[in-house]
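Colleague: I should like to understand how terms such as cavity, pocket and disulfide are decided. Please take me through the reasoning step by step.

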Amino acid sequence: MISEYTKGVLYALLGGICLSTSGVLMRNLEYADGWNVLFYRSMAFLLVMSLCIWYRHRYGMFRAIYRVGRKGVLAAVLLGIASMCYIFAILNTTVANVVFIIGSGPLVTALLAWIFIGERVQKSGLLTMLLAAVGIGLMVADGVTGGGMPGILLAMAMVTLFAFYLLILRSNRHIDQVPTTGLSGFVTLAIAAVMVQQFEINLHDLIICLVLGVFQFGLGFLFLTLAARHIPAAEVALFALSESVLAPLWVWIGVNEVPSQFTIYGSVLVFLSVFGYCMISIRNRNNLELDSP
């Protein structure tokens, strides 16, 4: 039988895999701008999350939404704004800059989790995060620039908001937080509906936006939400770095953007660090569960 910790690790890895498709999908957009993407992606995301909440709670779904309380609403607002920051960070600076900043996510989350909810990470976990950060640095060594300061600031804001979102989920893990994640779609949709200049979009871009909402963002954050119930917030962010490892691969396959040698070396380092920590942690947790009465 799969342990609770193993479930959390698998959920986080799956979440990162889903999120990793954003780059290749957005590279294939023809005319849609950031607000178009956010509007139609949010509609698809809301549909998926509504079906998921209904499946989990059936006719008690509105009660489940109400139970998340003020903290859940706050987490939803944080995630909704973070998702907007991500889209416009990509549009206002290089992808390499954004990926580099995302690589700091596990360390930022670990620090904030320690300060605000007293959740400590083992020394081996911190070492893995540092190695992964080095790997991310190698991946983007050819592309990091000083330009695009608005995009860089948005990426930093996204990492911070996402960290606090995970902290709220962890501190309220006794409550189903899937409705919280679903509510973030309303935040994004409401703001995008006000900001979008033209709702008209061609079929090609609409399909990409729907895939972003259903698969990339919808399933991605559903898995991360479930992961936060089983493993520490910093480890959710760490295992979700599977996004950074796989994103260059999908772009290579999808739009023939060949990664540099540094990107390949960095991806291997991130993968080995995360995979090694994953295996060691699962083994240690399983041994503890077997030894406990």
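Modeller: Let us begin with the pocket: on a 1 Å grid over the protein atoms alone, a pocket is an open set of points with protein on both sides within 12 Å along at least five of seven lines, whereas a cavity is a set of points where a 1.4 Å probe fits but cannot get out; lining residues have an atom within 4 Å of a point. Grid points are joined across faces, edges and corners, and a volume is the space filled by probe spheres set on the points. The model is a predicted one, in which local features need pLDDT of at least 70 and side-chain atom pairs count only at pLDDT 80 or more, while totals for chains, interfaces and linings use all residues. Residues are numbered from 1 along each chain as its sequence is written, and side-chain values use heavy atoms, with hydrogens and water left out.

Colleague: What is the volume of the second largest pocket, and which residues line it?

Modeller: Its volume is about 210 Å³. The lining consists of L13, I17, L241, S242, V245, L246, V270, F271, V274, F275, C278 and M279. Two or more of these residues come from each of α1 (4-19), α13 and α14 (261-291), and α14 gives the largest share, six residues. Helices here are DSSP runs (H or I, at least four residues), numbered from the N terminus.

Colleague: What makes up the lining of the second largest pocket by class?

Modeller: Ala, Val, Leu, Ile, Met, Phe, Trp, Tyr, Cys and Pro count as nonpolar, Asp, Glu, Lys and Arg as charged, and the others, Gly among them, as polar. By that rule, the second largest pocket has eleven nonpolar residues, one polar and no charged in its lining. The largest pocket, of about 660 Å³, is lined by 33 residues, with R27, V95, A96, V99 and E257 nearest its centre. That lining divides into 20 nonpolar, eight polar and five charged residues.

Colleague: How many cavities of 30 Å³ or more does the structure hold?

Modeller: There are two. The largest cavity contains about 330 Å³ of space. Its lining has 20 residues, and L19, M158, F162, F221 and E243 are the closest to its centre. Of the lining residues, 15 are nonpolar, three polar and two charged. The second largest cavity has a volume of about 60 Å³, and its lining has five nonpolar, two polar and four charged residues.

Colleague: What is the span of α11 against the expected value, and where does α11 bend?

Modeller: The expected span of a helix is 1.5 Å times one less than its number of residues. With 25 residues, α11 reaches 34 Å from its first C-alpha to its last, close to the expected 36 Å. A bend is the angle between axes fitted to the seven residues ending at a residue and the seven starting there; in α11 it is about 40° at L212.

Colleague: Why is C85 not counted in a disulfide?

Modeller: A disulfide is a pair of cysteine sulfur atoms within 2.5 Å. The sulfur of C85 is 18 Å from the closest cysteine sulfur, in C209, so the two are too far apart for a bond. Likewise, the sulfur of C209 is 17 Å from the closest one, in C18, again too far for a bond. The count by this rule is zero disulfides.

Colleague: Why are C85 and C209 called buried?

Modeller: Buried means under 20% relative accessible area, exposed over 50%, and partly exposed in between (1.4 Å probe, protein chains only). C85 has 9% relative accessibility and therefore counts as buried; C209, at 0%, counts as buried too.
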